[in-house]
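Please open the model in your viewer and keep the selection panel at hand. The stops below take one region after another, and each begins with something to select.

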Amino acid sequence: MQAVTTLCVENLWLERGDRDLCRGLSFSLQGGQVARIIGENGAGKSSLLKYLVGTLSAVEGSVAFNGEDISAHRDVLIQDLLYIGHTPGVKSVFTVAENLKLYAPHSSNQELEYALTQVSLDAYWDTPAAQLSAGQKRRVALARLWLTQKPVWLLDEPFTALDVSGVEVLEQRIKDHVITGGIVVLTTHQPLHSLNPVTIELAS
Amino acid sequence: MTLSSFFKAELLTLFRRKQSIFNALIFFVMVVTLFPLGVDPSPDFLAPAAGGIIWCAIALAILMSVESLFKEDYNDGSLEQWLVSGHSVSVLVLLKVFAQWLMVVIPLVLALPFLSKMLFLASELIPVMLVSVLVGSPALFLIGAIGAALTVSLRGGAVLMLLLILPLYIPVIIFATGAVRAAQLEMPFTGQLAILGAISLLALAISPLMAAISIKASVS
């Protein structure tokens with residue numbers, strides 16, 4: 001029996017320039033929950049994700065993963081983390097398959113094909129990523145969600161540039177993930193149809 | 001992402017982007033070829049100057065190839081993925097620099113004997129030249145990587161990077177040309193080569209750490 005995954009942020013104070021993005025923000029997530037960060041453009045949604053990942057430091061506040069304080073070092077979290085940022089790390093010199101193999105070197109070709117079928121890119125196996133559209137590039141990055149075992153997903157605007165069916169498939173994947181005890185934190189401006197997220201609001 | 005998949009991907013990237021490496025090599029060959037035409041093509045002048053000409057051209061060619069080392073990774077979000085890969089960023093930097101070094105230095109070393117001959121460098125000095133390049137060039141790549149990491153998030157950071165990095169290239173050039181010159185005068189030259197090696201080892205110890213810190217600062 002696996003222990004329940006938890007991610008708790010307490011009393012967080014984030015700043016950009018001289019502006020407070022949030023102050024005294026606390027929330028607590030556990031396995032099976034989807035959290036959605038909402039806020040206007042520039043409210044600090046991506047910054048909050050970057051703080052969780054550890055690339056941005058906070059003025060004040062602490063974050064705990066599975067009960068362990070990881071404010072100083074995110075190593076424990078990073079072991080269990082999949083982060084897809086605003087620019088998703090898709091290399092334009094590589095083909096679609098090579099891009100996936102870089103991040104999922106242990107996956108077999110069948111698994112890669114399955115993941116690409118899920119995001120309807122199975123016909124683009126050998127296509128250089130440079131020739132893909134913005135939405136297709138995002139799908140390449142999102143295909144990693146079908147190849148990963150990591151419990152915590154932090155997704156920055158995962159629905160951007162996706163078409164209606166793409167959004168549906170992704171929502172389904174997120175749903176399947178949280179049912180098995182995962183945590184998903186995402187930012188989006190689009191309405192979610194089948195997900196029932198916890199809301200983290202960043203007021204400006 | 002594992003270290004071996006990362007290293008393979010780096011080599012593949014360099015292979016797909018061979019145009020930029022080719023540019024650096026062509027630049028190197030052009031400088032060495034044009035120099036005698038511009039100054040003095042006589043063996044009396046060229047033979048003593050050969051070490052200096054070749055080393056300056058090498059330093060500039062390497063500078064060209066490392067200047068935008070992390071630029072593409074920064075733009076496509078790969079640097080962010082480095083930070084969450086669970087690997088030490090220093091190790092990733094080191095692997096990237098090593099891949100770049102392999103792809104640039106191997107063709108450089110292959111071209112070197114011909115260019116040395118063109119500048120009337122005596123045949124018995126060519127091995128000294130080769131050793132000085134093999135021992136000294138890692139320092140140039142590693143120091144360049146710090147500059148590239150520091151300026152990766154800046155627009156038009158190339159000039160700033162040159163200002164930061166060029167002064168640090170000077171000792172390498174001095175000791176490398178010093179070794180070739182000493183060999184020409186039939187004096188002992190192992191001391192200069194040893195210092196070159198020491199500079200490279202020092203850069204090997206410091207540069208990945210510094211570059212990793214710079215990358216972390218640039219990404220956030």
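Begin by selecting helix H3 of chain A and colouring A:Val96, A:Ala97, A:Asn99, A:Leu100, A:Leu102 and A:Tyr103, which are its buried residues; buried here means under 20% relative accessible area, exposed means over 50%, and partly exposed lies in between, with a 1.4 Å probe and protein chains only. The helix spans residues 96-103 and is mostly covered, six of its eight residues being buried. Helices are DSSP runs of H or I with at least four residues, strands are runs of E with at least two, and both are numbered from the N terminus.

Before going further, note that this is a predicted model, in which local features need pLDDT of at least 70 and side-chain atom pairs count only at pLDDT 80 or more, while totals for chains, interfaces and linings use all residues. Residues are numbered from 1 along each chain as its sequence is written, chains are lettered from A and ligands numbered from 1 in the order in which they are written, and side-chain values use heavy atoms, with hydrogens and water left out.

**What lies over H3 of chain A**

Now add the cover of those buried residues, which includes helices H4 (109-118) and H5 (134-142) of chain A, together with H1 (3-16) and H5 (78-83) of chain B.

Within H4 of chain A, pick A:Tyr114, which is partly exposed, with a relative accessible area of 48%. If you then draw a distance from its C-alpha atom to that of A:Trp146, 32 residues apart along the chain, the separation is 8.1 Å.

Move next to the loop between H4 and H5 of chain A, where A:Ser120 has its place. Its phi is near 50 degrees, a positive value in a residue other than glycine, and at 45% relative accessibility A:Ser120 counts as partly exposed.

**Chain A as a whole**

Show chain A alone, and its secondary structure comes to six helices and nine strands. Its C-alpha atoms fill a box of roughly 50 × 40 × 30 Å along the principal axes. For 204 residues a compact globule would have a radius of gyration near 17 Å, and the 17 Å of chain A agrees with that; the radius is taken over C-alpha atoms, and the globule rule is 2.2 Å times the number of residues to the power 0.38. Buried residues account for 51% of the 204 residues in chain A.

Colouring by charge will bring up 16 positive and 22 negative side chains in chain A, with the centres of the two sets 4 Å apart. Lys and Arg count as positive and Asp and Glu as negative, whereas His and the chain ends are not counted; each charge is placed at NZ of Lys, CZ of Arg, CG of Asp or CD of Glu.

**Chain B and its core**

Switch to chain B, which has nine helices and zero strands. Buried residues make up 49% of its 220 residues, and the mean positions of its 10 positive and 10 negative charges are 9 Å apart.

Which residues touch the most other members of the largest nonpolar core? Select B:Phe28, B:Ile58, B:Phe70, B:Trp82, B:Tyr169 and B:Ile215, which do so in a core of 75 residues; such a core is a set of buried Ala, Val, Leu, Ile, Met, Phe, Trp, Tyr and Cys residues joined through side-chain atoms within 4.5 Å. Apart from this core lies another, of 35 residues, among them A:Ala97, A:Leu100, A:Leu121 and A:Trp153.

Centre the view on B:Trp82 and, leaving aside neighbours within four places in sequence, look for its contacts, which include B:Met1, B:Phe6, B:Phe70, B:His87, B:Lys96 and B:Ile215; contact means heavy atoms within 4.5 Å.

**Along H9 of chain B**

Select helix H9, residues 190-219, and find B:Ser207 in it. At 1% relative accessibility B:Ser207 counts as buried, and, beyond its neighbours within four places in sequence, B:Ser207 is in contact with B:Leu142, B:Ile143, B:Ala145 and B:Ile146.

Finish in the loop between helix H8 (158-184) and H9 of chain B, where B:Glu186 is found. Is B:Glu186 buried or exposed? At 74% relative accessibility B:Glu186 counts as exposed, and its phi, near 60 degrees, is a positive value in a residue other than glycine.
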